[in-house]
Number of protein chains: 2
Amino acid sequence: MGNRLHTFTLRMNEKKKKVSIYDIAAVLGVSGSTVSRALQNHPAISEKVREQVRKTAREMNYKPNALAVNLKRGYSKTIGVVVPYINRNFFSSAIEGIEEVANRMGYDVLICQSNELYEKEQKILHSLSQGKVDGVIASIAYGTRDYSHYNNLAEDRIPLVLFDRVSDEVKAGMVRGNDYQGAYRVVRYLLSTGRKRIFHCAGFQHVSVWRDRYRGYWDALQAYGITPEADWVRIGGVTRDAGVAFAREILQGKALPDAVFVASDFVALGILLELMRNGVKVPEEVAIFGYANESFDELITPSLSSVDQFSKQMGQAAARMLIGKLNGEHPEDVLIEPELILRDSTRAQGSDFSMNLTDITHEGKL
Amino acid sequence: MGNRLHTFTLRMNEKKKKVSIYDIAAVLGVSGSTVSRALQNHPAISEKVREQVRKTAREMNYKPNALAVNLKRGYSKTIGVVVPYINRNFFSSAIEGIEEVANRMGYDVLICQSNELYEKEQKILHSLSQGKVDGVIASIAYGTRDYSHYNNLAEDRIPLVLFDRVSDEVKAGMVRGNDYQGAYRVVRYLLSTGRKRIFHCAGFQHVSVWRDRYRGYWDALQAYGITPEADWVRIGGVTRDAGVAFAREILQGKALPDAVFVASDFVALGILLELMRNGVKVPEEVAIFGYANESFDELITPSLSSVDQFSKQMGQAAARMLIGKLNGEHPEDVLIEPELILRDSTRAQGSDFSMNLTDITHEGKL
DNA sequence: TACATTTGGGCAACCGATTGCATACATTTA
DNA sequence: TAAATGTATGCAATCGGTTGCCCAAATGTA
């Protein structure tokens, strides 16, 4: 047998082919079925043969061809994840949560980034729906306004779970943060510290999370009898540069705001730096409150108050939901309550303002 | 024909099966081969049939099964990428570079993270080598000390390119930054600003990049007639916490260093914050120089001097190299020269120290 | 010894494509 | 009109596994 193995090895080097069950079968003089069954611990195969097969497989460095297995089985035990960017803290920790649950349940995770581009998102989904994954977890790119590529997944029987950036136009399971509440509470907190003239820097309104945050902001102000003026709100992209641009607008306005509630930490960063570069004191003159609790928030000076969305838990919930769907269940949508993280950029001014807000995390509890 | 299509649709809903070329063939009354060829624009198929097939395929929402295609073709046009973490700026921009080149060349990219764990890395490579990818680009986890899982890829004819974290024990193409030079120049710069007592916080020495940085540090000091004492160097993990721990050691030592050259920005962050928390002035008393130019470097106060490794270019080079290998070429290894980014954490003290170092980038040139 | 079971393993179809070769028909040429 | 091309399509093998069904040998039972 050692001899046959040797012969085989030589052939290997010539033909540069991978080892299949039939190669093992040939060496052992059995059929492919037997090898397949032996490797699966099928009871119909005797202990003796089973051991021989396993041993030979090991010696020949056999690895099952996942493509063949998946093709035959009809599923791949793989979950596709589509996010705008993988290097946003929010998304990378969501992915962490997804991987954790998925791996535990025996699934692989295939990560893709859309770069916020509709076309790339489309391509990715198209590629994933060619049998590569059993289901998809996604957070919609903001370049996306037509959702048919998402809805098409259903035609291919690929279950879909959206998290964070969801849309009612898509039929899918959803895991969302309570962005409305988060925003509402941010504004209420700012009001409680005596800030009244509260601006808002929003993201594009076709995106659920930014629309909800805007609504929360609006309703909170209304609830306290304040109606925002037209120039209090700016809608735009969620980049640092957009923040810089908004800061400049603010500086050119007739009066500084007391506070700015920003729908994204990256925008908040741009605003904060640009305001300070122009001599505006944060938080003394203007308080700034971001959203997403990016990792840089606590590193900048002043540290940036923000809203933690429990991104890892969101990822876990999304993975659980998708796997539930794959098992034929009908899991309910998940809504995760966010938590305010208070830092220096919203430090209260002057005399101790006594608050009565029990739902707020104080600095350090991060 | 509309009728046949309708019948088919009904069957679809019942059986919940995806559309194959044979379904199209059945509707049109032709063979599977014809459909396959028509979809590939094979010249042997008449214009008329070709159009019919394409039209029907579109109507039936046909998507080729990637598993079947790849199984048959023997390759997948997919590149596997394995990195320790996707949310490190360094790695995510390397991935950006990889994707850019790969997509342009018609390859998909499958991203995996090892979390610095040997076991997970092993699992990932094992899974990738089951026919899922044509080649692998990786940066070795620091939990890895045995490299057979990498070398095993060769047995499966899967070309491998390592970037950043490489190893001589692995037979693979390599794209590296010139870490030795980077470190050497950092230390030379620090010396040029009058700092002599320069500590070094290194990463585990079985990892190429950290070993090289240590060597560069050592040689630079030697070249200037300085021999580091035993407690000048600490070898350990590359987390923020490790930095905090080192800072505490420093604080308990007999004398503060003039500067600390840190092999990782995350460690440098920990050191910087902990030193400052204990009243040490940075850079007045101690200068700190990091490595990797993470995005938070410019955001903290004082901003952190660091070494930019051109991670995106590294990714591009790695992808080019891998695709070259896939095309049967034998690309040469790539060494990328890093660039020093000077920020406030190493601001020179007292009188203007006139430097004669032309290879240094000055603040703002980032 | 004869028959019924159990055990171990092979045959062949199948998953969804691709492709070399054969074939049927149409067209051109001698 | 028969033979030689050309054109359009189908058959069947193949990629590397999995699995229902069938059969031969071994074992059990009377």
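**Exercise 1. Work out how many residues each chain puts into the contact between chain B and chain A, and which elements of chain B take part.**

Start with the count: chain B gives 31 residues and chain A gives 31 residues, where contact means C-beta atoms, placed from the backbone, within 7 Å. This is a predicted model, so local features need pLDDT of at least 70 and side-chain atom pairs pLDDT 80 or more, while totals for chains, interfaces and linings use all residues. Residues are numbered from 1 along each chain as written, with chains lettered from A and ligands numbered from 1 in written order.

Next, the elements. On the side of chain B that touches chain A, α5, α6 (89-104) and β2 (108-113) of chain B each give two or more residues; helices (H or I, at least four residues) and strands (E, at least two) are DSSP runs numbered from the N terminus. The largest share, 5 residues, comes from α5(B).

**Exercise 2. Find the residues closest to DNA strand C.**

In total, 24 residues surround the strand (C-beta, placed from the backbone, within 6 Å). The closest are T34(A), S20(B), S33(B), N65(B) and A68(B). Now map the elements: α3 (32-39) and α5 (66-73) of both chain A and chain B give two or more residues to this surface.

**Exercise 3. Which residues of α2 (residues 21-28) of chain A are buried, and why do they share a side?**

Look for 20 or more other C-beta atoms, placed from the backbone, within 10 Å of a residue's own: I21(A), D23(A), I24(A), V27(A) and L28(A) are buried. They sit on the same side of α2(A) because their C-beta directions from the helix axis cover an arc of only 160°. Just past α2(A), G29(A) has a positive phi of about 70°.

Methods
A residue is buried if 20 or more other C-beta atoms lie within 10 Å of its own, exposed if 12 or fewer, and partly exposed in between; C-beta atoms are placed from the backbone. Two residues are in contact if their C-beta atoms, placed from the backbone, lie within 7 Å.
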